[in-house]
Amino acid sequence: MEQFWKRYFVVVNPFSGVQKGRQRFVKVVQPIMEECRIKYDVIFTERNLQGIEIGQTIAHDKYDAIIAMSGDGLINEILNGIMNRVDKEEVLKISFGAIANGTSNCLAAEVMDRYGDTSVENAVLNSTLHVVKGNKGVILRFLTKFFRYQ
């Protein structure tokens, strides 16, 4: 299988998806990443707005993609943290991905619709598969372009 990145930095909100974020990561996401031989570091958030801190401090030169597994809020927090950095232009060169694990998964559903994938029931599985395959819609390159012009 062709790999699009060498290493992911995965941020999981364990409270998302009716507090099943950690369980779904271990049962669904982790096995897929390991089967695809994707190297990753994972952090489980422990408090509100921790994504902002992560965005402000991530060692972006160690990773090729930042993946947020949550509802719509976590990726927003991470990007807001990045926008407060002096080196934000450099950080925004890497890719961002979203693994849907929220209540309604609006952002992920909107992006995944590009691939004709509208299944809410299998949102975690389907968005994980799109992320490991490197589908650019799920990898959200358009978000980095959007933030550069703000």
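These legends walk through several close-up views of one predicted model.

**View 1. The whole chain, from end to end.**
Start with the overall layout: the chain has 9 helices and 4 strands. Reading from the N terminus, the elements go β-α-α-β-α-β-α-α-β-α-α-α-α. Of the 150 residues in the chain, 50% are buried. About 8000 Å² is exposed, and 50% of that comes from carbon and sulfur atoms. Take the contacts between residues at least 6 apart in sequence: 75% of them join residues at least 24 apart.

**View 2. Where the predictor is sure, and where it isn't.**
The average pLDDT of the chain is 76, and 66% of the residues score at least 70. Which helix has the highest confidence, and which the lowest? Helix H3 (residues 50-57) is highest, with a mean of 96, while helix H9 (residues 141-148) is lowest, with a mean of 39. Residues 138-150 have a pLDDT below 50, yet this stretch still has 38 contacts in the model beyond near neighbours in sequence.

**View 3. The sheet, strand by strand.**
Here 4 strands make an open sheet, lined up as E2-E1-E3-E4, and their pairing is parallel. E2 and strand E4 (95-100) are the edge strands, each pairing on one side only. On average, neighbouring strands in this sheet are turned by 20 degrees against each other, ignoring direction. In general, strands of a sheet pair through backbone hydrogen bonds, either parallel or antiparallel.

**View 4. Strand E1 and its two partners.**
Zoom in on E1, where 5 of the 6 residues are buried, so the strand is mostly covered. On one flank, 6 bridges join E1 to E2, and the two run parallel. One pairing to look for is Phe9, whose bridge partner in E2 is Asp41. E1 is also joined to strand E3 (residues 65-70), by 5 bridges and again in parallel. In E3, Val11 has Ala68 as its bridge partner, and Val12 has Met69.

**View 5. Val12 and its surroundings.**
Val12 sits in strand E1 (residues 7-12). Is it buried or exposed? Val12 has a relative accessibility of 0%, so this residue counts as buried. Leaving out residues up to four places away in sequence, Val12 touches Gly21, Arg22, Phe25, Val42, Ile43, Phe44, Thr45, Met69 and Leu74. Another residue to find in this view is Ile67: Val12 and Ile67 are 55 residues apart in sequence, but their C-alpha atoms are 8.4 Å apart in space.

**View 6. Thr45, a buried loop residue.**
Follow strand E2 (39-44) towards H3 and you'll reach Thr45, in the loop between them. Its relative accessible area is 5%, under the 20% cut-off, so Thr45 is buried. What does Thr45 touch, not counting residues up to four places away in sequence? The contacts are Val11, Val12, Asn13, Pro14, Phe15, Gln50, Ile54 and Leu74. Val12 and Leu74 should ring a bell, as Val12 touches both Thr45 and Leu74.

**View 7. Helix H4 against the sheet.**
Helix H4 (residues 72-83) lies across E1, E3 and E4, and has 12 residues. The helix runs at about 140 degrees to E3. From its first C-alpha to its last, H4 reaches 17 Å, close to the 16 Å expected at 1.5 Å a residue. Its buried residues are Leu74, Ile75, Glu77, Ile78, Leu79, Gly81, Ile82 and Met83. As background, an α-helix has 3.6 residues a turn, so residues three or four places apart point the same way.

**View 8. Two loop residues with a positive phi.**
Most residues other than glycine have a negative phi. Arg37 has a positive one, near 55 degrees. You'll find Arg37 in the loop between helix H2 (21-35) and E2. With a relative accessible area of 68%, over the 50% cut-off, Arg37 is exposed. Leu49 also has a positive phi, near 65 degrees. This residue is in the loop between E2 and H3. At 45% relative accessibility, Leu49 counts as partly exposed.

How values were computed: Residues are numbered from 1 along each chain as its sequence is written. This is a predicted model: local features need pLDDT of at least 70, side-chain atom pairs count only at pLDDT 80 or more; totals for chains, interfaces and linings use all residues. Side-chain values use heavy atoms; hydrogens and water are left out. pLDDT is the predictor's confidence in each residue, from 0 to 100. Contact means heavy atoms within 4.5 Å. Buried means under 20% relative accessible area, exposed over 50%, partly exposed in between (1.4 Å probe, protein chains only). The expected span of a helix is 1.5 Å times one less than its number of residues. Two strands pair if DSSP finds at least two bridges between them. Axes are lines fitted to C-alpha atoms, for helices over the stretch in contact, and angles run from 0 to 180 degrees between N-to-C directions. Accessible areas come from the Shrake-Rupley method with a 1.4 Å probe; for residues, only the protein chains shown count as cover.
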